[in-house]
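This report introduces a structure to a reader who has not met it before. The sequence and the model are shown first, and the text then moves from single residues to the wider picture.

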Amino acid sequence: MSSIQEATLKPADTSKMAISMVKSSLLTSLTYLVLLMFLFPLIWMVMAGFKTEAQAFATPPVFFFTPTLENFTRAMETYGPFLKNSILIVGGSTLLAFLLGVPAGFAMALYPGQRTKSTLLWMLSTKMMPPVGVIVPLFLIFRDAHLLDTHFGLILMFTTINLPLVVWMVHSYISEIPFGIFEAAKVDGASMLQEFFQVAMPLALPGIASTALLCVIFAWNEVFFAMNLTSSTAAPLSVFISSFKTSEGLFWAQMSAAATLTIAPVMVFGWFAQKQLIRGLTFGAVK
Amino acid sequence: MMQSLPTPTQENKKKPINIAAVLLVLPALVYLIVTTQLPFIMTVYYSFFKWNLTIPNDRPFIGLSNYLSLFTDAQNLHVMLNTVVLMLSVVVLTILIGGAVAMLLNRRFLGRGMVRTLFISSFLVMPVVTAVVWKNMLMNPVFGFFAWISQQLGLPAVDYLSQYPMASIVAMVTWEWTPFAALILLTGLQSMPEDQLEAARLDGCTPLQEFWYMLLPHLSKSLEVVVLLETIFLMQVYGEIYTATSGGPGISTTTIPYFIYQKAFAEYNIGLASAAGVLAVLFTNLVSSVILRMIGRNIQGAQA
């Protein structure tokens with residue numbers, strides 16, 4: 001950064017360097033301060049999870065306290081069934097989206113035809129479609145097909161949310177593999193199946209793994225379909241957490257514990273997949 | 001690869017259709033058609049009828065009346081205005097704050113990777129969690145953290161969600177979407193050639209000139225992407241509103257998604273809800289056609 005200053009060493013430059021060092025450390029402190037402000041709602045929430053209910057909504061706020069695990073154990077009792085639903089639905093939909101999407105992404109990357117690009121773009125466009133544009137008929141169809149409040153019903157919808165993402169991500173990862181590798185495999189007489197399992201999959205595996213993380217993140221956090229297509233038996237965590245919307249004071253600690261448990265896995269996944277997260281959300285619109 | 005050749009369409013035309021490849025694409029394609037296009041066509045169809053689920057057998061065709069009501073009824077207009085207000089404010093705020101954060105992160109400093117990673121956290125939080133935490137623990141007029149800060153500053157406590165409902169929702173959604181804007185703008189900043197900036201500095205360019213004449217034009221594409229994508233995603237904001245305000249007080253925070261939920265699932269007014277759904281899709285399509293063109297160019301670029 002300071003290559004210009006280092007190149008010439010006149011006495012005036014040393015003071016300039018000192019100024020730039022002070023400026024730089026001030027900017028760094030500012031960055032940390034901004035980060036702290038941004039994380040504050042989360043830090044506050046996690047802290048409340050370890051407080052007693054009285055401490056959680058005490059005024060003035062309690063910053064130092066002896067942490068207790070009581071809220072987490074208590075939250076687990078009600079949280080359990082919803083967690084099970086979330087895992088089932090998110091896992092099921094990710095699996096189904098992969099079964100449908102990986103072959104499609106692979107075929108579109110390696111055997112592009114005349115319509116491939118427009119098909120791919122059309123698929124991406126469905127990811128941008130607002131769910132409110134389809135919820136009414138879906139609700140009626142689900143009602144008539146007895147799919148309301150079932151795991152299977154939500155799996156079907158969450159698959160729709162993630163399928164374009166899977167196709168697009170797999171397509172882009174496989175497109176990045178040097179084409180010569182596939183040509184060499186073809187010369188050696190590899191079938192399409194072998195190309196898929198022995199060339200494409202191993203090379204695109206890291207990308208495909210992070211695509212799975214993205215699917216989990218998006219399905220885990222989805223609210224609209226979850227709220228409108230389930231009520232109790234198949235309701236995932238988002239529905240459970242929203243039941244705290246009217247908690248006036250008394251249940252803050254327990255709510256915070258449940259919320260912490262709910263966001264923790266996604267948070268960790270997201271940190272790991274941060275680069276792919278942006279790639280997945282922008283569909284490669286930025287390079 | 002085929003598309004990297006100078007005349008891709010001609011090359012593709014010569015190629016016979018690969019049946020195996022088509023068979024691999026077909027299941028995904030059919031699935032998406034069945035779960036998105038067919039329901040949408042049904043939504044369009046319902047939007048021409050006066051249909052209340054409580055009177056299922058009386059379903060008269062009323063043409064464009066539902067649409068007319070969306071554009072003439074003052075309440076419905078207010079809902080559409082709310083949607084635009086939410087979208088515009090969040091887009092502007094996330095670009096301003098996210099841009100500033102991106103500038104801060106575009107320096108070398110100790111722990112930069114960690115800071116960048118932690119910074120995306122608010123984006124990963126489930127919208128419903130954001131809403132319950134902000135509503136109860138931060139914005140509560142008596143016990144909330146913000147009330148305590150106001151008191152420390154000698155200001156009266158504010159009941160944010162009832163006094164400034166839309167601003168409160170904007171604050172939450174901005175908090176969630178700032179990392180998204182920041183990361184895209186950071187990507188843009190990092191692709192700025194350092195030697196150009198240095199040359200400009202040697203020529204005596206002030207930081208302000210540097211920002212205005214060099215960084216901003218360079219960032220224009222990233223900015224465009226942020227605006228377009230956020231518009232699409234913000235059109236769908238629902239969980240925060242459902243949880244924090246339920247669209248209220250009155251209809252002050254009711255946006256199109258919440259309006260549709262209310263019309264369809266509380267009032268069973270399928271016709272009006274469908275018309276609003278069609279409008280939401282049309283609007284999103286308008287925006288996404290621009291972004292899809294951009295992506296289309298990049299898909300070609302990636303294969304070259």
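Ala253(A) is located in helix 12 (residues 252-272) of chain A; helices (H or I, at least four residues) and strands (E, at least two) are DSSP runs, numbered from the N terminus. With 0% relative accessibility, Ala253(A) counts as buried. Buried means under 20% relative accessible area, exposed means over 50%, and partly exposed lies in between (1.4 Å probe, protein chains only). The C-alpha atoms of Ala253(A) and Val46(A) are 9.0 Å apart, although 207 residues separate the two along the chain. When neighbours within four places in sequence are set aside, Ala253(A) is in contact with Ala48(A), Gly49(A), Lys51(A), Thr52(A), Glu53(A), Ala56(A) and Asn71(A); contact means heavy atoms within 4.5 Å.

The model is a predicted one, in which local features need pLDDT of at least 70 and side-chain atom pairs count only at pLDDT 80 or more, while totals for chains, interfaces and linings use all residues. Residues are numbered from 1 along each chain as its sequence is written, chains are lettered from A and ligands numbered from 1 in the order in which they are written, and side-chain values use heavy atoms, with hydrogens and water left out.

**Chain B as a whole**

Chain B contains 15 helices and 0 strands. Its radius of gyration is 24 Å, whereas a compact globule of 304 residues would have a value near 19 Å; the radius is taken over C-alpha atoms, and the globule rule is 2.2 Å times the number of residues to the power 0.38. The C-alpha trace of chain B spans about 75 × 75 × 30 Å along its principal axes. Of the 304 residues in chain B, 53% are buried. Among contacts in chain B with a separation of 6 or more, 67% are between residues 24 or more positions apart.

**The nonpolar core**

Which residues touch the most other members of the largest nonpolar core? In this core of 204 residues, they are Ile174(A), Phe225(A), Leu277(A), Leu86(B), Val129(B), Ile291(B) and Ile295(B). A nonpolar core is a set of buried Ala, Val, Leu, Ile, Met, Phe, Trp, Tyr and Cys residues joined through side-chain atoms within 4.5 Å. Helix 4 (residues 70-110) of chain A gives the most to this core, with 16 residues. Beyond its neighbours within four places in sequence, Ile291(B) is in contact with Met128(A), Ala285(A), Val225(B), Leu228(B), Leu229(B) and Ile232(B).

Leu277(A) is also one of the buried residues in helix 13 (residues 274-282) of chain A, which include Gln274(A), Ile278(A), Gly280(A), Leu281(A) and Thr282(A).

**Helices 13 and 14 of chain B**

Tyr242(B) belongs to helix 13 (residues 239-244) of chain B. Tyr242(B) counts as buried because its relative accessibility is 18%. Apart from neighbours within four places in sequence, Tyr242(B) is in contact with Met227(A), Ser242(A), Lys245(A), Tyr258(B) and Tyr261(B). Between Tyr242(B) and Phe259(B), the separation is 17 residues in sequence and 10 Å in space, C-alpha to C-alpha.

Helix 14 of chain B is mostly covered, with 9 of its 10 residues buried. Among them are Tyr258(B), Phe259(B) and Tyr261(B). Phe259(B) is also in contact with Asn76(B), as are Ser69(B), Leu70(B) and Leu272(B), neighbours of Asn76(B) within four places in sequence being left aside. Asn76(B) lies in helix 4 (residues 74-105) of chain B and is buried, at a relative accessible area of 6%.

**Backbone features**

Most residues other than glycine have a negative phi, and most peptide bonds are trans. The table lists residues with a positive phi.

| Residue | Phi | Place |
|---|---|---|
| Asp149(A) | about 60 degrees | loop between helix 6 (135-144) and helix 7 (151-176) of chain A |
| Tyr268(B) | about 55 degrees | loop between helix 14 and helix 15 (270-303) of chain B |
| Phe283(A) | about 55 degrees | just after helix 13 of chain A |

Asp149(A) is buried, at 15% relative accessibility, whereas Tyr268(B) is partly exposed, with a relative accessible area of 35%. The peptide bond that joins Gly248(B) and Pro249(B) is cis, with omega about -5 degrees. Pro249(B) is in the loop between helix 13 and helix 14 (256-265) of chain B.
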